[in-house]
Structure formats: C-alpha cells, structure tokens
Amino acid sequence: MQRVADPVECRDCPLQDCPGLRRLEPDEIAYLQTFKQGEVIADRGERIIEQGQRVDRLFTLLDGLLIRFRALEDGRRQIVNFMFPGDLVGLQGAFQEPATHSVEPLLPSRLCVFERHRFHALTVDRPELGFDLTWLAAKEETALEEHIVALGRRSARERVTYLAVWLLDRALGTCMATGGNRLSVSITQAQIADMLGLSLVHTNRTIKALEREGLVYWNQREISVPDMTKASDFANFDRQLRRPRPFI
C-alpha cells in the first residue's frame, strides 16, 4: 500500500454526502481529525489485511470496494462479505486478536488510517463514537446472517439475485451508484461462486437464466437490476429502509 501525500481533511470528507451514511457532527469531525493518521491507496488484489496476522492499524474505506474472505490451506476460499465506503476495516484487530480473514480491493481503493491502540481512548473520550463501533459490528453480524441464509436456504437463482440486490443497495447508499440501478464494478463469476457456494458452471448458467427472465444482468464490468422490488421479492430479501450507517 502507498501512503497518500495529500489526505482529505475530515471536514471535506465526501462520505458526508452519501445518503446511506450518517453525517458526522462538527465536534465529531474535529475529534476524528486528531485521531486519523493519514491515508493509503491499494490496488486491486493487494492485501490490506492478511489472514492469521495481527492488525496494528484499522481503516475506514474512503473510496473503492473490498472483499473480505477466508482461505483454506489448499487454496480454496470463501468470500465472507463485500466492504463499501464508510465501512471499518480490521475491527477484529482492535481486540488484539489475529485476523481471521484477509481483505483486498476489487477496485483501486483509498482508505483512512487509524492506529489500533488508540481505539480504547476513542471509546472513553467519545462514547457516542464507541457506540457507533458497536453498531457497525452488529450490522456486520446481521449481514453475515443474511449471507448464511442465502447459502443454506436460497436456490441458486435466488442467491445470485439476492447478492445483486444487496450489492446495489449498498452501492446506492454509499455514492457508488446513482440512478438506473447500475453498479460499474468487475466482479468475476469465480468471485460470485466463491461468495455463494456455487460451482463456476452453475454460476454461469444461473446468470444466463436470470438475464433471460429480466431480473439481473451481470457481466464483467457491470451489475444491473431493472426492478429492485421485483428482484428482492423473488429472492425473499427484505430491503426495507434502514437507518443511515455511522462511519468513523
């Protein structure tokens, strides 16, 4: 990762304008400016966190898209989650435990940097921000529950549709997608298979079937869901409006 020479001032943070994120108050912005230790950029495929290693820094994703995954000794891997702007990266390191997963960008990404050992002071100095950390951890668990349901109970067509709707919902809330329900990102069919527990052949056939039905269009450069309500109903996925996510 490369350090950014001209990091964004917290008062000018572009995440403040994203509809799915909660705006920070002026005093919170001033505090976080003293807490932030700069920014780094990472290219697609570059490891930000390595499974099994201790994490001495935490990050907030400022721009880009990350995958969090768990690897087996034989090289197989399970993508656990996708991480969008505003997400806190490396939270497990805050509790002095080795990382149980790896994190790498799907897109060139820019991240704010925080020192792990200072998070205790944050929870003491700013309890409301400490509550936000707890809330983010709880939301991560909620997302993992939804992913587990997809793996265990949804059909292949429901799984792919659910993932497309979930990704677009997160993208719309974090300024990565706007109108038209389109997300420009390169997610390969192999990565879809790694997330949803499908074979590559089954993934390919499922995507083609969903395209014929007009539910989901997924190619190497873009995800498109023409009718989000219809698609979410098909996947049995409740995308009801939720409170904006906090970020640090």
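Helices here are DSSP runs of at least four residues and strands are runs of at least two, both numbered from the N terminus. With that naming in hand, the predicted model can be walked through, starting at a loop. Cys 175 sits in the loop between helix 4 and strand 9 (182–184). Its backbone is a bit unusual on paper: phi is positive, about 65°, although Cys 175 is not a glycine. Partly exposed is the right label for Cys 175, because its relative accessible area is 44% and that class runs between 20% and 50%.

Asn 236 makes a good companion case. This residue, also something other than glycine, has a positive phi near 55°. Asn 236 belongs to the segment after helix 7 (228–234). With a relative accessible area of 57%, Asn 236 is exposed, since the cut-off for that label is over 50%. A positive phi turns up at a glycine too: Gly 197, which follows helix 5, has a value near 70°.

Next come the helix contacts, beginning with helix 4. Helix 4 (residues 156–173) packs on helix 6 (residues 200–213) with the axes 9 Å apart and an angle of about 75° between them. The two helices are therefore roughly perpendicular, as angles from 65 to 115 degrees fall in that class. On the helix 4 side, the contact is built from Ala 156, Arg 157, Val 160 and Thr 161. Helix 6 brings His 202, Thr 206, Ile 207, Leu 210 and Glu 213. Sorted by class, this contact holds four nonpolar, three polar and two charged residues.

Helix 4 also meets helix 5. Here the axes come within 11 Å and cross at roughly 105°, so helix 4 is roughly perpendicular to helix 5 as well. Arg 159, Val 160 and Leu 163 of helix 4 touch Ile 192, Met 195 and Leu 196 of helix 5. The class tally for this pair is five nonpolar, no polar and one charged. Val 160 appears in the contact with helix 6 and again in the contact with helix 5.

What does helix 5 (residues 189–196) keep buried? The residues in question are Gln 191, Ile 192, Ala 193, Met 195 and Leu 196. Their packing partners are strand 5 (77–83), helix 3 (127–153), helix 4, helix 6 and strand 10 (217–218).

One of those buried residues, Met 195, leads on to His 147, which it contacts. His 147 lies in helix 3 and counts as buried because its relative accessibility is 6%, where the limit is under 20%. Setting aside neighbours within four places in sequence, His 147 is in contact with Val 80, Asn 81, Tyr 162, Trp 166 and Met 195.

Finally, there is the matter of empty space inside the model. Rolling a probe the size of a water molecule over the atoms shows where such space is left. The count comes to one cavity of 30 Å³ or more, and the largest cavity holds about 140 Å³. Its lining is made of 15 residues, with Cys 10, Cys 13, Cys 112, Phe 247 and Ile 248 lying nearest the centre. Strand 3 (57–63) and strand 8 (109–115) are the elements that give two or more residues to this lining. By class, the lining of the largest cavity splits into 12 nonpolar, one polar and two charged residues.

Notes. Residues numbered from 1 in each chain as written. Predicted model: local features only at pLDDT ≥ 70, side-chain atom pairs only at ≥ 80, totals over all residues. Heavy atoms only, no water. Axes fitted to C-alpha atoms, helices over the stretch in contact; angles between N-to-C directions. Parallel < 35°, antiparallel > 145°, perpendicular 65-115°, else oblique. Contact = heavy atoms within 4.5 Å. Nonpolar A, V, L, I, M, F, W, Y, C, P; charged D, E, K, R; others polar. Buried < 20%, exposed > 50% of the residue type's maximum accessible area, 1.4 Å probe, protein only. 1 Å grid on protein atoms, 1.4 Å probe; cavity = no way out; pocket = protein on both sides within 12 Å on 5 of 7 lines; lining within 4 Å. Points joined across faces, edges and corners; volume = space filled by probe spheres on them.
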